[in-house]
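Here's a quick briefing on the chain in front of you. Take a look at the fold first, then read on for the strands, the core and a few contacts.

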Amino acid sequence: MGLTKKNPRRGSKKREPHVSKLYIDISPQQLPIIYRKEYNVHFVGLEKLHPFDARKWGHIFKYLKDALLVNDDTIIKPNEALQDDLLLVHTVRYLKSLKWSWRVAMIAEIPPLALVPNCMVQSSYLRPMRFQTGGSILAGKLAIERGWAINIGGGFHHCSRDRGGGFCPYADITLLIHFLFHHEKSRVKLAMIVDLDAHQGNGHERDFFNHKNVYIMDIYNSGIYPRDKRAKQGIRRSIPLAHLTEDAEYLHLVESNLEEALSEFHPDILVYNAGTDILRGDRLGLLSISPQGIIRRDELVFMKARERRIPIAMVTSGGYLKQTARIIADSILNLYDKGLISGLK
């Protein structure tokens, strides 16, 4: 299924409309779970200088494969988001800035990356992120068609149209929604972002500031990065948490606030940023949620969406402990066992 969009350039010759290859079709037998091996980051060991598990996405896939939920043939393999796809949201100036290794090093929070030739930065870090971004955009399309979709990667919620940060070089959540607004106009006019990563989702909050068609609910630790006061003004339902918040309080806040949010806003798509950096012991999230609490949280979000027949697209976002891959896989398996995801809409 090819998508076109006009992409004029000031002072340039007339170009043919860009044909996006991101919206692919899948067979009825395939579950809309999205991943490919190119998601995984590898730059000569420098990724070990960041607490993020740069192979997390591959580990999640392996656990799901071992559980026989998906395999190499049935997993949905997205295409890479290309320059013209990214330009639907990103500025030309921002994308050009990614050609400088020092700029990417700041976004990735790995200072030595500034000394690496940009061709290696592109192939080892930015290209995997573009594949994950393509996966997020595809998740939006498949969620509309099948009722749900899960991108094993994505969730770069600190990146906005003209600024990256926090290991997030592309605004995949903003792109997911704008692709739907542009290419599924008859079916998607209202979108809700439910951001349950431990960190404030300042990227999409800046992008959708005063955008009445997008409702943002964000539950985050208010004492950690990014502390973006301007972006907070873009949150419709803001729930700040204190350090070391535990399961009982957290799950009550998730359930009660999501119920209220869905009572006051009726989206055509729910984009769920399911960060696992809320896990007890995560030094960057500084919350204290158990693995069982994360699994129950995801179940609650899917349950609220599915009982209202709201398509839901999930991205996995942050999570900095080695065991988070296992928890994410266990959560997806729990959603399947509970009948909240299946091959049927």
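A residue counts as buried when its relative accessible area is under 20%. Keep in mind that this is a predicted model. With that cut-off, strand S4 (residues 148-151) is a good place to start: Trp148 and Ile150 point one way, Ala149 and Asn151 point the other way, and all are buried.

**Strand S4 and its partners**
- On one side of the pairing story is strand S3 (residues 33-34), which runs parallel to S4 and is joined to it by two bridges.
- In that pairing, Ile34 sits opposite Asn151 of S4.
- S4 also pairs with strand S9 (residues 312-315), again in the parallel sense, and here there are four bridges.
- Ala149 faces Ala313 of S9 across that pairing, and Ala149 is one of the buried S4 residues.

**The nonpolar core**
- The largest nonpolar core has 115 residues, and the members touching the most others are Ile33, Leu64, Ile177, Leu270, Tyr272 and Phe302.
- Helix H5 (residues 118-146) chips in 11 residues, the largest share of this core.
- As a rule, nonpolar side chains in soluble globular proteins tend to be buried together.
- Take Leu64: skipping neighbours within four places in sequence, Leu64 is in contact with Ile33, Leu69, Val70, Ile152, Ala329, Ile332 and Leu333.
- Ile33 therefore turns up twice, as a contact of Leu64 and, like Leu64, among the core members that touch the most others.

**Asn118 in helix H5**
- Is Asn118, a residue of helix H5, buried or exposed?
- Asn118 counts as buried because its relative accessibility is 18%, and the cut-off is under 20%.
- Beyond its neighbours within four places in sequence, Asn118 is in contact with Leu98, Lys99, Trp100 and Ser101.

**The chain as a whole**
- The chain's secondary structure adds up to 11 helices and nine strands.
- Its radius of gyration is 19 Å, close to the 20 Å that the globule rule gives for 345 residues, so the chain is as compact as a globular protein of that length.
- The C-alpha trace spans about 55 × 45 × 45 Å along its principal axes.
- Of the 345 residues in the chain, 63% are buried.
- Among contacts with a separation of 6 or more, 73% are between residues 24 or more positions apart.
- The chain exposes about 14600 Å², with carbon and sulfur atoms supplying 53% of that.

Note on methods
Residues are numbered from 1 along each chain as its sequence is written. This is a predicted model: local features need pLDDT of at least 70, side-chain atom pairs count only at pLDDT 80 or more; totals for chains, interfaces and linings use all residues. Side-chain values use heavy atoms; hydrogens and water are left out. Buried means under 20% relative accessible area, exposed over 50%, partly exposed in between (1.4 Å probe, protein chains only). Two strands pair if DSSP finds at least two bridges between them. A nonpolar core is a set of buried Ala, Val, Leu, Ile, Met, Phe, Trp, Tyr and Cys residues joined through side-chain atoms within 4.5 Å. Contact means heavy atoms within 4.5 Å. The radius of gyration is taken over C-alpha atoms; the globule rule is 2.2 Å times the number of residues to the power 0.38. Accessible areas come from the Shrake-Rupley method with a 1.4 Å probe; for residues, only the protein chains shown count as cover.
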